[in-house]
Amino acid sequence: FGSNKINYENCQKVVVEKGDTIWTLIKEYNPDFYGNMNKAIYKVHCINNMDSSGIFIGQTIYIPLNLK
């Protein structure tokens, strides 16, 4: 059976700072990523149980590493 558990070992824990966006954080922690950014953003939303695209200063989120 598949598992819905998130493997946080493959993620970077980030505290959001002024000017951060999900897009910029994905690029910061995956500098060689040239894949589908919409899918990558969706993955961040799923990992963090987010129901909106907004992030806020001081929020802790997880950014997946080694995106392809």
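Colleague: Let's start in the middle of things. How many residues does the largest nonpolar core have?

Modeller: Keep in mind that this is a predicted model. In general, nonpolar side chains in soluble globular proteins tend to be buried together. Here, the residues with the most contacts inside the largest nonpolar core are Ile 26, Phe 33, Ala 40, Val 44, Ile 61 and Ile 63. Counting its full membership, this core has 13 residues.

Colleague: And which elements each supply at least two residues of this core?

Modeller: From the N terminus on, the elements of the chain run β-α-α-β. The ones that each supply at least two core residues are α1 (22-29), α2 (37-47) and β2 (60-64).

Colleague: What share of the chain counts as buried?

Modeller: The chain has 68 residues, and its secondary structure comes to two helices and two strands. Its accessible surface is about 5,100 Å², with 50% of that belonging to carbon and sulfur atoms. As for the residues that count as buried, they make up 29%.

Colleague: Okay, Phe 33 came up in the core. Leaving aside its neighbours within four places in sequence, which residues is Phe 33 in contact with?

Modeller: One link to look at is with Lys 68, 35 residues apart from Phe 33 along the chain. The C-alpha atoms of that pair are separated by 6.0 Å. Sequence neighbours within four places aside, the contacts of Phe 33 are Ile 26, Lys 27, Ala 40, Leu 67 and Lys 68.

Colleague: Is Lys 68 buried or exposed?

Modeller: Lys 68 has its place in the segment after β2, and Phe 33 is in contact with it. Exposed takes a relative accessible area over 50%. Lys 68 has 86%, so it is exposed.

Colleague: Now Lys 27. The charged end of Lys 27 sits over the ring of which residue?

Modeller: Lys 27 lies in helix α1 and is partly exposed, with a relative accessible area of 23%. Leaving aside neighbours within four places in sequence, it is in contact with Phe 33, Tyr 34 and Met 37. The charged end sits 4.7 Å from the centre of a ring, and that ring belongs to Tyr 34.

Colleague: How many aromatic pairs does a search of the whole structure find?

Modeller: A pair of aromatic rings is described by the distance of the centres and the angle of the planes. To pair, the ring centres have to lie within 6.5 Å. Searching the whole structure, the number of aromatic pairs found is zero.

Colleague: What about cysteines: to how many disulfides does the count come?

Modeller: Cys 11 counts as buried, at 12% relative accessibility, while Cys 46 is partly exposed, at 36%. A disulfide needs a pair of cysteine sulfur atoms within 2.5 Å. By this rule, the number of disulfides is zero.

Colleague: Why does His 45 count as buried?

Modeller: His 45 is found in helix α2. Not counting neighbours within four places in sequence, it is in contact with Ile 22, Met 50, Ser 52 and Ser 53. Buried means a relative accessible area under 20%. His 45 counts as buried because its value is 17%.

Colleague: Which residues does Asn 30 touch, not counting those up to four places away in sequence?

Modeller: Asn 30 lies in the loop between α1 and α2. Even so, Asn 30 counts as buried, at 5% relative accessibility. Beyond four places in sequence, Asn 30 touches Ile 63, Pro 64, Leu 65, Asn 66 and Leu 67.

Colleague: Speaking of Asn 66, what value is its phi near?

Modeller: As a rule, most residues other than glycine have a negative phi. Asn 66 lies in the segment after β2 and is exposed, with a relative accessible area of 64%. Its phi is positive, near 60°.

Colleague: And what is the phi of Asn 49?

Modeller: Asn 49 is found in the loop between α2 and β2. It is exposed, with a relative accessible area of 71%. Although Asn 49 is not a glycine, its phi is positive, at about 50°.

Colleague: Last one. Of the contacts in the chain with a separation of 6 or more, what share comes from residues 24 or more positions apart?

Modeller: An example of far-apart partners is Phe 33 and Lys 68, 35 residues apart along the chain and in contact. For contacts with a separation of 6 or more, the share from residues 24 or more positions apart is 64%.

Definitions and conventions
Residues are numbered from 1 along each chain as its sequence is written. This is a predicted model: local features need pLDDT of at least 70, side-chain atom pairs count only at pLDDT 80 or more; totals for chains, interfaces and linings use all residues. Side-chain values use heavy atoms; hydrogens and water are left out. Helices (H or I, at least four residues) and strands (E, at least two) are DSSP runs, numbered from the N terminus. Buried means under 20% relative accessible area, exposed over 50%, partly exposed in between (1.4 Å probe, protein chains only). Contact means heavy atoms within 4.5 Å. Accessible areas come from the Shrake-Rupley method with a 1.4 Å probe; for residues, only the protein chains shown count as cover. Rings of Phe, Tyr and Trp (its six-membered ring) pair if their centres lie within 6.5 Å; planes under 30 degrees apart count as stacked, over 60 as edge-to-face and the rest as tilted. A charge sits over a ring if NZ of Lys or CZ of Arg is within 6 Å of the ring centre and within 35 degrees of the ring normal. A nonpolar core is a set of buried Ala, Val, Leu, Ile, Met, Phe, Trp, Tyr and Cys residues joined through side-chain atoms within 4.5 Å.
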